[in-house]
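Good morning, and thank you for joining this group meeting. Please have the sequence and the model open in front of you while I speak.

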Number of protein chains: 2
Amino acid sequence: MTHSDVLIIGAGLSGLHAAGLLIDAYDVRVLEARERPGGRALSHAFANGDTVDLGGQWVGPGQDRLYALIKALGARTYPLWDEGDHLVAFSGRLRRYRGTIPSLPLHVLLDLNRLLARFEAMAKQLDPARPWAHPKATEWDRQTVGEFMARTGFTARAREMFAIAIGAVYCAEPHELSLLHALFYARAGRSLEALISVTGGAQQDRVHGDMGGLARAMADGLGGAVIYGAPVQALCWSDEGVSAQTPAGTFTARRAILALPPNQALGIRFDPPVPPTRDALWRRMPAGACIKCVAQYDRPFWREAGLSGQSVGGPAPVRVTFDNTQAGREAGQLLGFIEGDEARIWSGRDPMERRAAVLDSFAAVFGDAARHPLDYADQDWTAEPYTRGCYAAIMGPGVWTSLGARLRDPIGPIHVAGTETARDGYGYFEGALEAAERAADEVRAALNPPK
Amino acid sequence: MTHSDVLIIGAGLSGLHAAGLLIDAYDVRVLEARERPGGRALSHAFANGDTVDLGGQWVGPGQDRLYALIKALGARTYPLWDEGDHLVAFSGRLRRYRGTIPSLPLHVLLDLNRLLARFEAMAKQLDPARPWAHPKATEWDRQTVGEFMARTGFTARAREMFAIAIGAVYCAEPHELSLLHALFYARAGRSLEALISVTGGAQQDRVHGDMGGLARAMADGLGGAVIYGAPVQALCWSDEGVSAQTPAGTFTARRAILALPPNQALGIRFDPPVPPTRDALWRRMPAGACIKCVAQYDRPFWREAGLSGQSVGGPAPVRVTFDNTQAGREAGQLLGFIEGDEARIWSGRDPMERRAAVLDSFAAVFGDAARHPLDYADQDWTAEPYTRGCYAAIMGPGVWTSLGARLRDPIGPIHVAGTETARDGYGYFEGALEAAERAADEVRAALNPPK
């Protein structure tokens, strides 16, 4: 039995940041289910020694906490390759374009712009700390993004492009998502445009090395406070504190921070049980579905054709690609995402079959050279038992307005962090850090009440 | 370490029935988390000794397995009180009516009939064993029942009445439900009309005694095979069999049947983990929200005013009531349901406050005498840690068509039962029995392969 002041459950970026904020003043333990820190930050080493992030990897304007963390760890950022022409697959043909919005027939483009503008105008009105409080929150929450698209978009092609953007941002299908949730998510990340943009947007910068390495550095900075292989099986709690049962022993503390995706909280037996509305909320926050796929080539051959490596709308399973080539390396990397329904189709399949399908997608857009990578890796986040989906939890119709107002409230001595409790940067590492700061503030206030 | 042929996880009606089917030929153990059998069948004793079901209680035409079970246990049924006038609250006034469809202004009634007819016509086309296989499955699955109502209903009042029916059947709001799921559920229970009807429908009959008592009789019939206080914390599995860890010990077997609501499967650590698509499906099958409320009076006083005790549309929180008076008893009972968003509002509240609100609802419909019951009981199923909602799991948009086709497949040596895997009577005890028979068939075939 190990006693401390604060137990942090989950050594993702949120748990690690909360631990770092609290560790000088309190005795802190971090319980991590896996044998590694980082959560949705995960490094992979290719055969040639290059590392690549199979989890989150980007940082962009407005993500001040994440830039500050990178800087504090002595790391540096560099921009994602964003030169040359992007490609949009449309009516069986590939067209080149620049900027965020693909080159499409004029009436389709105007319709798509109109859809985006309507969405942004609504999102801008929300207070990301209280999306349920907007006068139209109920109206927006009772419809899906699919309904919004069907009612607002005139052309099937604009709706299809909008759906691809939705897939890329939320890893979900438009009909799965509450419109209010989608608006909130965009607002909490500045705007939908910021979330789909490279330069000036959420895909602007990367770190030298990888995000998985940053997480390891954060964990190392905590000394021996992180206990690995310690999934919390039961969490007993009262006004006096908490007691966490794990295969690595029982840990008690005065306060706890639950720094997990909501779906993972369902695997913990709480004693006493959490309030029914919290349980119902967690049960209505499954994660999106995403398989991240990276192919490494001897060189970024698409640049020779004046291409950026960015494409949208290519043949399934990969609908969105990026040039993921690392700064200062010769090897070129193509990055593709399989999202939503496609991810569910491909997550059960044989890895070699999936690899072949992804390379087919790449080749359809960038030519046959894409079929012959030096190396390949993918990560199906829905298959990870301690994550079960990416990038973040989604909410279907009705969840925010019927259950969401209590999302961030402590449960007795148990505070909640994780990007899914963020008011700023929900679904991103930025949100993981923001939520950690709020939860650490709460714990400090609880342990040092004003006299 | 206890070894047997078959482990059944969950002693609800599905698990008990599967055990009964298998126990003569095999060594069977049933692991039950609670200290009682029955799952969503639950007896409560009033102070005067009368018992009442705070879980499922009805049986109706088409539920042949449930009638057969009742008969086999030597129990008898009697009809729910269905005489006198029903009441519908409408524009602040109470109107009397007979039959299933409330008396409403003619244009509203025609619109409501049209809504119901459209819904029934679609439901009738589905194969409840394979709802995802209908040619329009994707189209229907991508819309919510709320969308269907908004597009099909012309009058706000007809839509409101339809929404109350949806709440009463699914314990959910129209915008939470995939239209395909609602259609499937209705089809699997014969029709929406059957599900909302008393005489000739799913509320036609009750058992003398109570359903909770039937579950106890089923468990007693299994001798010592049921182990209580044994929530399964981990379930290891391979082609050779399963091993279940519980606080009551470790149990191994050649085959297992998971006879739980899907949301409860999420509390079990599977080793190896279940396939990602099954996990994703379970995470998208939260249960509806329902609080069942029963007030007992010295007599069924409403009958003296020529009323049936059935009402619809009264003031929140209770929107639907029934005369629950037991055959051969003097005491009268009013039964009311708090459903969907209202259940979420009331589930966290003080029990006395909830009691007062329910009696206010009753009094608004049946007069001040309803304020003074001899006894009162309610059951918030969302607060039950081993149930977490009623009557059954619901599916939001997209779930059936992207993930539902594998709902009933075994996972290695683990077969699945429970009403949520039923092809017939989904959400009802009938479905629990149907699913048990399918799972028991599968286990028998696996243990006795044809030579």
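I shall take confidence and conventions, then the symmetry and the chain contact, then the domains, and finally one helix.

This is a predicted model, in which local features need pLDDT of at least 70 and side-chain atom pairs count only at pLDDT 80 or more, while totals for chains, interfaces and linings use all residues. Residues are numbered from 1 along each chain as its sequence is written, and chains are lettered from A and ligands numbered from 1 in the order in which they are written.

Chain A averages a pLDDT of 96, and 100% of its residues score at least 70; pLDDT is the predictor's confidence in each residue, from 0 to 100. For the complex, the predictor gives an ipTM of 0.93 and a pTM of 0.95.

Now the symmetry. Chain B is superposed on chain A by a rotation of 180° with 0.0 Å of shift along the axis, at an RMSD of 0.0 Å; the fit is by least squares on the C-alpha atoms of residues with pLDDT of at least 70 in both copies. That is the relation of a two-fold axis. In chain B, the C-alpha nearest this axis belongs to B:Gly267, 2.3 Å from it. The same surface serves both copies, as 100% of the contact residues of chain B recur in chain A.

How many residues does the contact take from each chain? It takes 36 from chain B and 36 from chain A, two residues being in contact if their C-beta atoms, placed from the backbone, lie within 7 Å. On the side of chain B that touches chain A, helix 11 of chain B gives the most, with five residues. Helices here are DSSP runs of H or I, at least four residues, numbered from the N terminus.

Turning to the domains, chain A is divided into domain 1 (2-39 + 212-286 + 393-447), domain 2 (77-82 + 202-207 + 288-383) and domain 3 (104-196). The centres of domain 1 and domain 3 of chain A, taken over C-alpha atoms, are separated by 30 Å. Between these two domains of chain A, 18 residues of domain 1 are in contact with 21 residues of domain 3. Helix 14 (residues 399-403) of chain A gives the most to the domain 1 side, with three residues.

Finally, helix 13 of chain B. Just after this helix, B:Gly367 takes a positive phi of about 95°.

Conventions. Helix = DSSP H or I, 4+ residues; strand = E, 2+ residues; numbered from the N terminus. Domains from an automatic or database assignment.
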